[in-house]
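Me: Got a minute to go through this one with me? Let's start with the overall picture.

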Amino acid sequence: MPVITLELVPLPTEKKKALVSELTAAAARITGLPQQSFYVFIRENDPDNVGVGSELLSEIKARANAAR
């Protein structure tokens, strides 16, 4: 049971479907294993719960949005 795990900010279902589909296809192609053997786990993290370079991701995003 090969496992692919992603940790991301929340995404719409359509984007999650695309990630699962494309990552599974690539992993199956590279390993030679059937797509049905792969499990993909998506863990969504709120930007307030992620730190990047000593700042919360929510603060970095807010600053970027204000600069637009």
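Me: How much of the protein chain counts as buried?
Reply: Of its 68 residues, 12% count as buried. Keep in mind that this is a predicted model.

Me: And the accessible surface, what does that come to?
Reply: About 5,100 Å² for the protein chain. Carbon and sulfur atoms hold 56% of that.

Me: What's the radius of gyration against a compact globule?
Reply: The protein chain has 16 Å. A compact globule of 68 residues would be near 11 Å. The C-alpha trace spans about 45 × 25 × 20 Å along its principal axes.

Me: Which order do the elements run in?
Reply: β-α-β-β-β-α, starting from the N terminus. That is two helices and four strands.

Me: What share of contacts join residues at least 24 apart?
Reply: 56%, counting contacts between residues at least 6 apart in sequence.

Me: New topic. How many aromatic pairs turn up?
Reply: A search of the whole structure gives one. Tyr39 and Phe41 make a stacked pair, because their ring planes sit at 10 degrees, and planes under 30 degrees apart count as stacked. The ring centres are 6.5 Å apart.

Me: Are those two buried or exposed?
Reply: In between. Tyr39 is partly exposed at 43% relative accessible area. Phe41 is partly exposed too, at 39%.

Me: Which residues form the nonpolar patch on the surface?
Reply: Tyr39 and Phe41 again, with Met1 and Val3. Together the four have about 440 Å² of accessible area.

Me: Where does Met1 sit?
Reply: In the segment before strand E1, which covers 3-8.

Me: Buried or exposed, that Met1?
Reply: Exposed. Its relative accessibility is 70%, and the cut-off for exposed is over 50%, so Met1 qualifies.

Me: Switching to Thr24. Where is that one?
Reply: In helix H1, residues 13-31.

Me: Why does Thr24 count as buried?
Reply: Its relative accessible area is 8%, and buried means under 20%, so Thr24 makes the cut.

Me: Which residues is Thr24 in contact with, leaving aside neighbours within four places in sequence?
Reply: Ile4, Leu19, Gln35, Phe38 and Val40. Ile4 belongs to the stretch covered by strand E1 (3-8), and Leu19 falls within the residues of helix H1 (13-31).

Me: Good. Give me the contrast in one go.
Reply: Thr24 is buried at 8%, whereas Met1 is exposed at 70%. Tyr39 and Phe41 are partly exposed, at 43% and 39%.

Methods. Residues numbered from 1 in each chain as written. Predicted model: local features only at pLDDT ≥ 70, side-chain atom pairs only at ≥ 80, totals over all residues. Heavy atoms only, no water. Phe/Tyr/Trp six-rings, centres within 6.5 Å; stacked < 30°, edge-to-face > 60°. Buried < 20%, exposed > 50% of the residue type's maximum accessible area, 1.4 Å probe, protein only. Patch = residues over 30% accessible without salt bridge, like charges linked within 9 Å, V, L, I, M, F, W, Y side chains within 5 Å. Areas by Shrake-Rupley, 256 points an atom, 1.4 Å probe, with all protein chains shown as cover. Salt bridge = Lys/Arg side-chain N within 4 Å of Asp/Glu carboxyl O. Contact = heavy atoms within 4.5 Å. Rg over C-alpha atoms; globule rule 2.2 N^0.38 Å.
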